[in-house]
Amino acid sequence: PDNVIGGDDGCNVANIQMIGLYIFGGMPKHNSTPSNDMWVLLIGKKAFEWKRIDDVKGMKPTPRYFHSMNYYEKGNFIIIHGGRNDSLSNSFALNDTYLFKLDTFEWVKIELFSHVIGFKILNRCAHDAVIYSNKLIIFGGMNSLNYLGSALLIVNLDQEENKNITYIGGNFLTTSTENDDE
C-alpha cells in the first residue's frame, strides 16, 4: 500500500538496516539510571520482535530521557536532541545533538551553531520537536533554571546550507538570575 514504509512513498528502504520503530534511551522501570540503548521493534513479521542494537559505530550519546527523537527521511537518519540525566554535576538538562545513521548504524555527534552573535543554545529537556521540510523545529521544554515557554529553535538539517540554527523567538520564564552553562 502507498501509506506504509516500502510502499510508493519515495522512501528507499534498501538503505535502512532494520525497518521498524526505533526507541532510544529512557528510564527503565527496574532502576533509576537512564539508558543509552537503541532498540528497534521489527515490523513485517507475524509476531513483532524487539531487538537491541548493540553493534554500532561511533560514540553513543550520554544516557538520557525526556529527549526528542525524530526521523529525517532525506538524510536517512534519526536525530536526538537534549534530554535529561540527573547524574550530571552541572545541569540535569542536556543540549547535545546526535545523528544515528540508519544505513550504517553509526552515531555522529553534531555541533549546533548560530551566526547570531551572543546566541546560546540552551540545555533543554521535556521539549517537543518535529521535522518539517528540511528543518528540525524544537519548541519549549525546561532546564535547571528556566521553563522555556515558547522558546523556539529551528535547525537546518541540510549540510550544504550555511546556516545551522535560527532563533525565532519565544519566552523564557526565568526562575533564577544565573546562566545555565552547558
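A residue counts as buried when its relative accessible area is under 20%, as exposed when that value is over 50%, and as partly exposed in between, using a 1.4 Å probe and protein chains only. Keep that scale at hand for this tour.

You are looking at a predicted model, in which local features need pLDDT of at least 70 and side-chain atom pairs count only at pLDDT 80 or more, while totals for chains, interfaces and linings use all residues. Residues are numbered from 1 along each chain as its sequence is written, and side-chain values use heavy atoms, with hydrogens and water left out.

**Stop 1: the whole chain**

Show the cartoon first. The chain has 0 helices and 13 strands; here helices (H or I, at least four residues) and strands (E, at least two) are DSSP runs, numbered from the N terminus. Now switch on the surface: the chain exposes about 10600 Å², with carbon and sulfur atoms supplying 52% of it. Such areas come from the Shrake-Rupley method with a 1.4 Å probe, and for residues only the protein chains shown count as cover. Of the 182 residues, 40% count as buried.

How much of the contact total comes from residues 24 or more positions apart? Among contacts in the chain with a separation of 6 or more, they account for 48%. A contact means heavy atoms within 4.5 Å.

**Stop 2: the largest nonpolar core**

In soluble globular proteins, nonpolar side chains tend to be buried together. A nonpolar core is a set of buried Ala, Val, Leu, Ile, Met, Phe, Trp, Tyr and Cys residues joined through side-chain atoms within 4.5 Å. Select M18, Y22, M38, I53, F100, F105 and W107: of the 16 residues in the largest core, these touch the most other members. Strands β1 (20-26), β2 (35-42), β5 (77-84) and β6 (93-101) each supply at least two residues of this core. The largest share, 3 residues, comes from β2.

Next, center on W107. Leaving out residues up to four places away in sequence, W107 touches a list of residues that includes F24, M38, V56, P61, I80, Y98 and F100. Apart from the largest core lies another, of 11 residues, among them Y72, I79, L99 and V155.

**Stop 3: two positive phi angles**

Stay with F105, in the loop between β6 and β7 (106-110). Its phi is near 50°, a positive value in a residue other than glycine. Is F105 buried or exposed? With a relative accessible area of 4%, F105 is buried.

Then select F66, in the loop between β3 and β4. Phi of F66 is near 60°, again a positive value in a residue other than glycine. F66 is partly exposed, with a relative accessible area of 47%.

**Stop 4: charged partners**

Side chains of opposite charge can pair when their charged atoms come close. A salt bridge here is a side-chain nitrogen of Lys or Arg within 4 Å of a carboxyl oxygen of Asp or Glu, and the count comes to 6. Select D37 and R52, whose side chains meet in a salt bridge (3.9 Å, N to O). D37 lies in β2 and R52 in β3, so the pair ties together parts that are 15 residues apart in sequence. R52 is partly exposed, at 38% relative accessibility.

Add K60, which also meets D37 in a salt bridge (3.6 Å, N to O). Because D37 lies in β2 and K60 in the loop between β3 and β4 (68-72), this pair joins parts 23 residues apart in sequence. Add D54 as well, and you have a network of salt bridges linking D37, R52, D54 and K60.

Now find R64 and D96, joined by a salt bridge (2.7 Å, N to O). R64 sits in the loop between β3 and β4 and D96 in β6, so parts 32 residues apart in sequence are tied together. Both R64 and D96 are buried.

**Stop 5: strand β11**

Select residues 152-156, which make up β11; 5 of its 5 residues are buried. L152, I154 and N156 lie on one side and L153 and V155 on the other, and both faces are covered. Which strand does β11 join through 5 bridges? That strand is β9 (residues 135-139), running antiparallel to β11; two strands pair if DSSP finds at least two bridges between them. In this pairing, K135 stands opposite N156.
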